[in-house]
Amino acid sequence: MRYERILHKLARYSNQAFSQSNLLSIVKLTRRKMSTDPKALEKSKFVLKDMYFAGVNAVSPKTLMLNKVKFKDGMLYIGDQSFELKENVYLVGFGKAVMGMAVVLEHMLGSYLKRGVVSVPSASTDSMWKSEDKSYFPLIGSGVVKYYEGSEHNQPDDRSLETTHEIIDLVESLTENDTLIVLISGGGSALLYMPRPVIECEDKLYVCKMLQAAGADIKELNIVRSKLSMVKGGGLARMAYPATIISLILSDIVDDPIELIASGPTVYNSKSPKEVIAILKKYNLFERVDGDVKKLLTSKEKFKDKKLLTRKKKQFKHVTNIILGNNTVAIEAASLQAYHHKLTPIILRPDVVGNVHDVSLAYVHITSLICLALDKALEKEEFFEKVKDIPVLSLSAAKVDEIYNLIDNMSEEGIVLIGGGEPTVVVKGKGKGGRNQELALHFSLDWLAKIKGYPRFSEYEIIMLSAGTDGQDGPTDAAGAFGYPAIGPLIHDVYARVKSIASKVIIKEEEKKEALRKKLEEQEQLNIQQQRKDLCKTQQLSGFITNKKKEIIKTMEKEVRPNKEIDENDEDNVVPFILQTMEVERMLPENTLNENDSYNLYSRFKRGTDLFKTGFTGTNVMDLHFIYIKKRKCDCKIDFGKEFFQNTLDVHDLHIDTSTIEKYKNLYKREPFHWDKFLSRPSAVADEKIDQLNIKIIDANLTDPCCRKDRKFPLKNLLEDKDLPL
């Protein structure tokens, strides 16, 4: 019964999106209508992957540098701007994309470049050497640029702190005869890391992690970071004065605000406390910071910047900041690649931000309207009314006109919606995942809900790919994931199966235990009857318990005590199935989202085939979102036996994680059971040390019957010399 109660708790506390009553119908709908054909699914995924790589390659550091930067006769040409380099050229860089930029620039500048320090993420050098493109590599031996790794999982660490010391030492030694080229890209905030001296490193990290967990966007996060840093918010430019600075920037923030990319180390910032305080109060964090941190956040800066700044605009005179690439470049390249697959691309927006679930709902809303437009069930004017004011993803009248024109001339292969940006996740649980994996999973569930409300949408094949252009989604080794409506029902189907198997095993074990209990009870009754007969033969009328009687009682207790080995065997048989049920319950999409554990789900479901892993790409221009839409040619003659994905248990990775074992121990650990306390039974004979009851007694001469409450009996056997028949 204990295990049945455990399964009952599992069902009770799992917040299932689908009730048991309609789960079967949802699974059947999934089997018949949705993207469960492995071949069709893999083909769609291949197309979206190809588009992703086309977009990433367009913003690769090597491509951008070779296309936009030229050097000749001491002149550096960047786009339509030109710069005469001073006697000595120095180089510093920090970010996920700067290694590729630095390698190309080192080859270009040759002997002009005197020294360089570049801070790159962990494993960047390994990724460089594993690259298929062998045309540009760091100069070994003769090179003047040193590359230092740090910032594992996008968080600053001691290595990035040490590298920042190296960068500061270099720039502070520069003079007006020097040129400093600064390479900046996304991820630079963690790789250029130097807290103000009045606070500890851990204090700064604590504030930033609180903001991230609360759902602050990258702009808000970098404003606070700048206030706490010596090098951010123009700090690096102040240190490098009077050298001439040229900053080449790869943007990873919507609208390319150079003052916020990598927290703006070369852009003037007065670091006013007003904006910082407003951000902390917005997320109810202002009261959670104290001491030197709060004092620093609320203080006004006293920089002596007057000679460094221009008169009209508060900008550094000695700095030129240039955006080299951004998300729009990647989106346009992906759009061109869609034509190679005979798809009709529709670019929605490159600046999608907001809570990841709100973004999912917006994409689902747009997708449903596109499907209605394809069915000729929605006029252009009504389409515009439904999208002009929606949160997160509003579209202009011109964009709606463009969409309808593309729909009228679309190819038979379908449509692909393209967006980009950087949604945010509010961290509520302790799981592992990233915003792209969560977006794909939310989209899967939200589109399924849309199908339930309007079943005709099931006639369309819909699949989404959300992936970061840096190849790393949160603290995971995946760039992102695919989302499609069959994911939720298939996982619930697996859950129902493992729970059914566990229930059958538990019922079988309970039946075995019940049979064993009955057998023990029968044996116990027989033993008691036999022992009573023996007691009658040995009982003495004085009421004392002999040693032999005590031995009999102990024998009775020993014989009726359950066998502990049986319980241990029972656990060995049952617990693995309960643990597997708990593991699949953890995979349920609604539980996954509550715990921010999307990486666990995608790693296990279909053994990770819906995870998108690229390795470090060497660039970073936020995320790319693709939604593939194609109407099925016919849904009346489908061979379900061949088309449907066989959802057997061995298709998924259901291994038992150590955390699940610990959870089981903590939740269902049995307290030590003291058998002696519960198995003691009232004896037919009183104990030696217990006073005799008030019963009718016959005196030693057998002639004087009496019944007195105050009578005391001597503690000796009065009948020991009598020859009485037993």
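**Cavities, a mixed sheet and one serine**

Helix α9 (201-214) is the top contributor to the lining of the largest cavity, giving four residues. This is a predicted model, and it holds two cavities of 30 Å³ or more. Here's a quick tour of those, plus an open sheet of six strands and the loop residue S270.

**Largest cavity**
- The space inside comes to about 90 Å³.
- Besides α9, helix α8 (188-191) also supplies at least two lining residues.
- The lining includes S189, A190, Y193, K204, L205, C208 and Q212, along with R225 and K232.
- Sorted by class, that lining has five nonpolar, four polar and three charged residues.

**Second largest cavity**
- This one holds about 30 Å³ of space.
- K96, P121, S151, N154, G187 and L191 line it, and by class that makes two nonpolar, three polar and one charged.
- N154 turns up in the lining of both cavities.

**The sheet**
- The strand order runs β10-β11-β15-β12-β13-β14, with mixed pairing.
- β10 (344-347) and β14 (611-612) each have a single partner strand, so they sit at the edges with one side lacking a neighbour in the sheet.
- β10 pairs with β11 (residues 415-421) in the parallel sense, over four bridges, and I347 stands opposite I418 of β11.
- Helix α17 (residues 397-408) packs on the sheet and touches both β10 and β11, its direction making about 175° with that of β10.

**S270**
- You'll find S270 in the loop between β8 (244-250) and α12 (273-282).
- S270 counts as partly exposed because its relative accessibility is 39%.
- Beyond its neighbours within four places in sequence, S270 is in contact with E301 and F303.
- G233 is 37 residues from S270 in sequence, yet their C-alpha atoms are 7.9 Å apart.

Notes: Residues are numbered from 1 along each chain as its sequence is written. This is a predicted model: local features need pLDDT of at least 70, side-chain atom pairs count only at pLDDT 80 or more; totals for chains, interfaces and linings use all residues. Side-chain values use heavy atoms; hydrogens and water are left out. Two strands pair if DSSP finds at least two bridges between them. Contact means heavy atoms within 4.5 Å. Axes are lines fitted to C-alpha atoms, for helices over the stretch in contact, and angles run from 0 to 180 degrees between N-to-C directions. Buried means under 20% relative accessible area, exposed over 50%, partly exposed in between (1.4 Å probe, protein chains only). On a 1 Å grid over the protein atoms alone, a cavity is a set of points where a 1.4 Å probe fits but cannot get out, and a pocket is an open set with protein on both sides within 12 Å along at least five of seven lines; lining residues have an atom within 4 Å of a point. Grid points are joined across faces, edges and corners, and a volume is the space filled by probe spheres set on the points. Ala, Val, Leu, Ile, Met, Phe, Trp, Tyr, Cys and Pro count as nonpolar, Asp, Glu, Lys and Arg as charged, and the others, Gly among them, as polar.
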